[in-house]
Amino acid sequence: MTAAVDIRDFVVAYETGGGAVFALDGIDLAIGAGETLGIVGESGSGKSTLGMAIGRLLAPNARIDAGDILVAGCSVTTSDDETVRRLRRERLGFVFQNPMSALDPTMRIGRQVALAMEGTPDTAAVERLLVRAGLDEPGRVARSFPHELSGGMAQRVVIALAIARNPQILIADEPTASLDASIRDRILDLLFAMRAETGASLVILSHDLRMIVHRCERVIVMYGGRIVEMGESQAVFGSPAHPYTRALIRAAAGNEAPGEQLDPIPGVPPVLRAPSADCAFAPRCAHAAERCRRERPAERAVGGSRVACHFAEEIMAASGTAREVAE
Ligand code: ATP
Ligand code: MG
């Protein structure tokens, strides 16, 4: 697997009035060229921080404490601003939760799309891109301002902007969370169709484990700024090894409507004041033992996936398959 993005031992803390908050606590991850990758985890697990870090788009109060991210072999942490801007324009495409905040409210759509494309495209080229993004009446859309579009149309425009230069990596952070339930599937269909057309890697950050497992080849489960489990979606869902993954599957199974937030897992996610020297999930884990509070579990191969839990084998042997977990 050729890596499109290589993330190495990456640590990010936010400076806040109350001290530092560690959002990423040692992430190692290679994103393969052309793969579809879903990243799941509860609110605050660090998904958006990871997505933004790939484009060096972190908030000004973020501090990179360790590690590096390479996009197409180029460091986004140490390269100069011009190099990173070029990487962002030519290699990366971003789709965020709220399309309106990604669009310039004062500029017609056609002009925004033209600026995102290479060179000086003519009207026909702009409209062709809008049609690729599933927009009927591209002429009317091009003449519109963002506020004249529905949320679903605006997100199609954002996807058009993201693919304008055939990026190698598309990063979509909760791309349907702000949209009506009725159009979420169609927007996801479009993202995956654009991925297939361009051959880009697609990274989707989401709470929706079922959608991720259904649509993505590989899944990463994050907790407390760390990767706790990763592997082929079918392997992770079919035989989840980390207690947190099992809890997520159980919570998702209790949810009838797709796209809804998970049922809460008892307890709250941690706010890390320092890199963790233990297992961050231990306070909420029914299987936690003394060792979990003392020793940070290393990531290792268990079953078909990679897991950071001291007792993954025992827990899997004792508590059965995902189907049983969900029941
Ligand atoms: P959600 O599902 O709610 O979008 P997330 O998984 O995307 O959550 P992040 O937004 O990456 O999580 O946040 C990770 C941690 O960093 C959380 O504890 C969050 O409160 C904190 N955090 C994020 N941005 C900032 C910021 N600009 N300043 C201070 N803390 C921040
Ligand atoms: Mg987020």
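## A tour from ligand 1 to the two domains

Start with helix H1, which gives three residues to the shell around ligand 1, the largest share. Keep in mind that this is a predicted model.

**Stop 1: the shell.** Select ligand 1 and show what surrounds it. You should find 15 residues. The closest are Ser43, Gly44, Lys47, Ser48 and Thr49. Now colour the shell by class. Nine residues are polar, four are nonpolar and two are charged.

**Stop 2: the polar contacts.** Which atoms of Lys47 and Ser48 should you look at? For Lys47, pick the side chain: one of its polar atoms lies 2.8 Å from an oxygen atom of ligand 1. For Ser48, stay with the side chain too: an N or O atom there is 2.8 Å from an oxygen atom of the ligand. Next, show the backbone of Ser45. A polar backbone atom of Ser45 is 3.2 Å from an oxygen atom of ligand 1.

**Stop 3: the cover.** Switch on the surface. On its own, ligand 1 has 640 Å² of accessible area, and the protein covers 69% of it. Then select residues 3-16, 19-32 and 47-54. These are strand E1, strand E2 and helix H1, the elements that each give two or more residues to the shell.

**Stop 4: the two domains.** Zoom out. Colour 1-35 plus 50-206 as domain 1, and 222-327 as domain 2. Their centres, taken over C-alpha atoms, are 28 Å apart.

**Stop 5: where the domains meet.** How many residues of each domain are in contact with the other? Domain 1 brings 15 and domain 2 brings 14. Together the two domains bury about 1,000 Å², with 53% of that on carbon and sulfur atoms. Finish by selecting Phe22, Asp25 and Ile27. These three supply 50% of the area that domain 1 buries against domain 2, more than any other three residues.

Key
Residues are numbered from 1 along each chain as its sequence is written. Chains are lettered from A and ligands numbered from 1 in the order in which they are written. This is a predicted model: local features need pLDDT of at least 70, side-chain atom pairs count only at pLDDT 80 or more; totals for chains, interfaces and linings use all residues. Side-chain values use heavy atoms; hydrogens and water are left out. A residue is near a molecule or strand if one of its heavy atoms lies within 4 Å of it. A polar contact is a pair of N or O atoms within 3.5 Å; within protein, one must be able to donate a hydrogen and the other to accept it, and residues adjacent in sequence count only if both atoms are side-chain atoms. Accessible areas come from the Shrake-Rupley method with a 1.4 Å probe; for residues, only the protein chains shown count as cover. Helices (H or I, at least four residues) and strands (E, at least two) are DSSP runs, numbered from the N terminus. Ala, Val, Leu, Ile, Met, Phe, Trp, Tyr, Cys and Pro count as nonpolar, Asp, Glu, Lys and Arg as charged, and the others, Gly among them, as polar. Domain bounds come from an automatic or database domain assignment. Contact means heavy atoms within 4.5 Å. Buried area is the accessible area (1.4 Å probe) that two parts lose on being put together, summed over both.
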